[in-house]
Structures are given as structure tokens and as C-alpha cells.
Amino acid sequence: MQTEGSDDIFFTVHMGWWNDEEEPLKKQWEKMEKLTKSLEKKDHTIWLMGDFNSLDNVKQEGYELICKSGWKDSYCLAEQKDSGITVEEEIDGWRDGEGGGAVKDAKRLDYIFCNTRKKVKSSQVVCNGKNYPVVSDHYGVMIEVED
């Protein structure tokens with residue numbers, strides 16, 4: 001999506017698990033990289049937002065791949081932030097999947113990444129019952145960016 005009067009481009013994503021047999025995150029990421037590289041040549045700021053099905057504390061998997069590809073995690077850039085936890089309990093897709101027993105712990109699976117370093121004033125989890133009603137087994141992420 002691109003809003004009128006802005007050079008920013010926004011993607012909402014729902015990535016596969018790292019070890020998914022049919023649609024692994026790594027293969028999906030390769031496609032995303034090809035698409036976004038063509039847009040970067042036109043000086044667009046690109047935002048990737050959504051469920052990345054990738055824990056931020058697991059080495060050599062999705063989150064690390066994305067960050068090593070040059071993408072900036074808005075949560076890490078934020079001057080003010082909360083816990084960042086977007087899943088607080090076991091969720092359907094992870095019961096028998098990649099996360100196993102560790103998935104019962106609170107975790108950060110939903111992110112907003114940007115292709116350039118932006119001044120992020122705040123990052124907060126929303127639709128978690130504290131900031132707006134719960135609407136899904138994943139909570140949302142909302143950031144405020146300084147122009």
C-alpha cells in the first residue's frame with residue numbers, strides 16, 4: 001500500500017515458520033527481498049509489518065536473517081517502548097509446530113521493520129486487552145515515527 005502524497009510503501013505480511021515444509025520463511029524472504037530491492041532503487045521508505053512467525057531471540061533463523069539483510073526493527077529503534085510481547089500464551093499455529101513447548105512463554109513474533117533508519121518515538125503493543133480489546137491470538141504493534 002502507498003498512501004497519497006507519500007513515498008512510503010507499506011506491506012502487511014504473514015510469514016511461514018523457519019522449518020515449514022511447504023512455505024518456509026527463508027524462501028518467502030528471498031521473494032520479499034527481490035520485490036523490495038526494486039522499490040528501494042526508487043528511494044522509497046519501505047515498511048514490513050505483521051506476523052513473521054519468528055522469535056527475536058533465536059539465532060540463525062528468520063529474525064536474524066531479516067536484520068542481517070539490513071532491515072531495522074522499529075521496536076529496537078524506539079525511544080519509548082513497552083515489553084513488545086505480541087503473544088502471551090500458546091497459539092494455534094505453534095501447538096505442534098516449530099515452537100514446541102517453549103511457545104507457551106510470552107514472545108515477540110510480530111514486528112514492524114523498515115528499510116532505513118527512522119526516528120521512532122514510540123512502539124507499543126495494541127489490541128492486547130490493555131491498549132484496546134483483544135481481537136486475535138496475536139496482538140498488534142503500533143509505532144509513532146518522527147517526520
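Q: What makes Ser123 a partner for Lys81 in this model?
A: In this predicted model, a bridge links the two: Lys81 has Ser123 of E6 as its bridge partner. One residue back along each strand, Gln80 stands opposite Ser122 of E6.

Q: Why do E4 and E6 count as paired strands?
A: The cut-off is at least two bridges between the strands. E4 (residues 80–81) and E6 are joined by 2 bridges, so the pair meets the cut-off. The two strands run parallel.

Q: What makes E6 and E7 a pair, and in which sense do they run?
A: Here 6 bridges connect E6 with E7 (residues 140–145), against a cut-off of at least two, so they are paired too. The sense is antiparallel. As one example of who faces whom, Ser122 sits opposite Glu144 of E7.

Q: Why is the pairing in the sheet of E4, E6 and E7 called mixed?
A: The sheet is an open one of 3 strands, in the order E4-E6-E7. E4 runs parallel to E6, while E6 and E7 are antiparallel. Strands of a sheet can pair either way, through backbone hydrogen bonds. With one pair of each kind, "mixed" is the right word for this sheet.

Q: Why are E4 and E7 described as standing at the edges?
A: Each has a single partner strand, so each has one side with no neighbour in the sheet.

Q: Why is E6 said to be largely enclosed?
A: A residue counts as buried when its relative accessible area is under 20%. In E6 (residues 120–126), 5 of the 7 residues are buried, so the rest of the structure largely encloses this strand. For the protein chain as a whole, 40% of the 147 residues count as buried.

Q: How do you know which strands are at the edges of the sheet E1-E2-E5-E3?
A: Look at the order of this open sheet of 4 strands: E1-E2-E5-E3. The edge strands are E1 (9–14) and E3 (72–73), each pairing on one side only.

Q: What makes the pairing in this sheet mixed?
A: E1 and E2 pair in the parallel sense over 6 bridges, with Val13 opposite Gly50 of E2. E2 and E5, on the other hand, are antiparallel, with 5 bridges. E3 and E5 (residues 110–114) are antiparallel as well, over 2 bridges. Both senses turn up, hence a mixed sheet.

Q: Which residues show Phe113 of E5 facing a strand on either hand?
A: Leu48 stands opposite Phe113, and Asp73 has Phe113 as its bridge partner.

Q: Where does helix H1 lie, and at what angle to E2?
A: H1 (residues 25–40) lies across E1 and E2 (46–51), at about 155° to E2. Angles between N-to-C directions run from 0 to 180 degrees, so about 155° means that H1 and E2 point in roughly opposite directions.

Q: What makes the space inside this structure a cavity?
A: A cavity is space where a 1.4 Å probe fits but cannot get out. The search found 1 cavity of 30 Å³ or more, and the largest cavity holds about 70 Å³. Of its 14 lining residues, the closest to the centre are Tyr75, Arg108, Asp110, Ser123 and Val141. Helix H3 (74–77), E5 and E6 each give at least two residues to the lining.

Q: What kinds of residues make up the lining of the largest cavity?
A: The lining has 5 nonpolar, 5 polar and 4 charged residues.

Key:
Residues numbered from 1 in each chain as written. Predicted model: local features only at pLDDT ≥ 70, side-chain atom pairs only at ≥ 80, totals over all residues. Heavy atoms only, no water. Buried < 20%, exposed > 50% of the residue type's maximum accessible area, 1.4 Å probe, protein only. Contact = heavy atoms within 4.5 Å. 1 Å grid on protein atoms, 1.4 Å probe; cavity = no way out; pocket = protein on both sides within 12 Å on 5 of 7 lines; lining within 4 Å. Points joined across faces, edges and corners; volume = space filled by probe spheres on them. Nonpolar A, V, L, I, M, F, W, Y, C, P; charged D, E, K, R; others polar.
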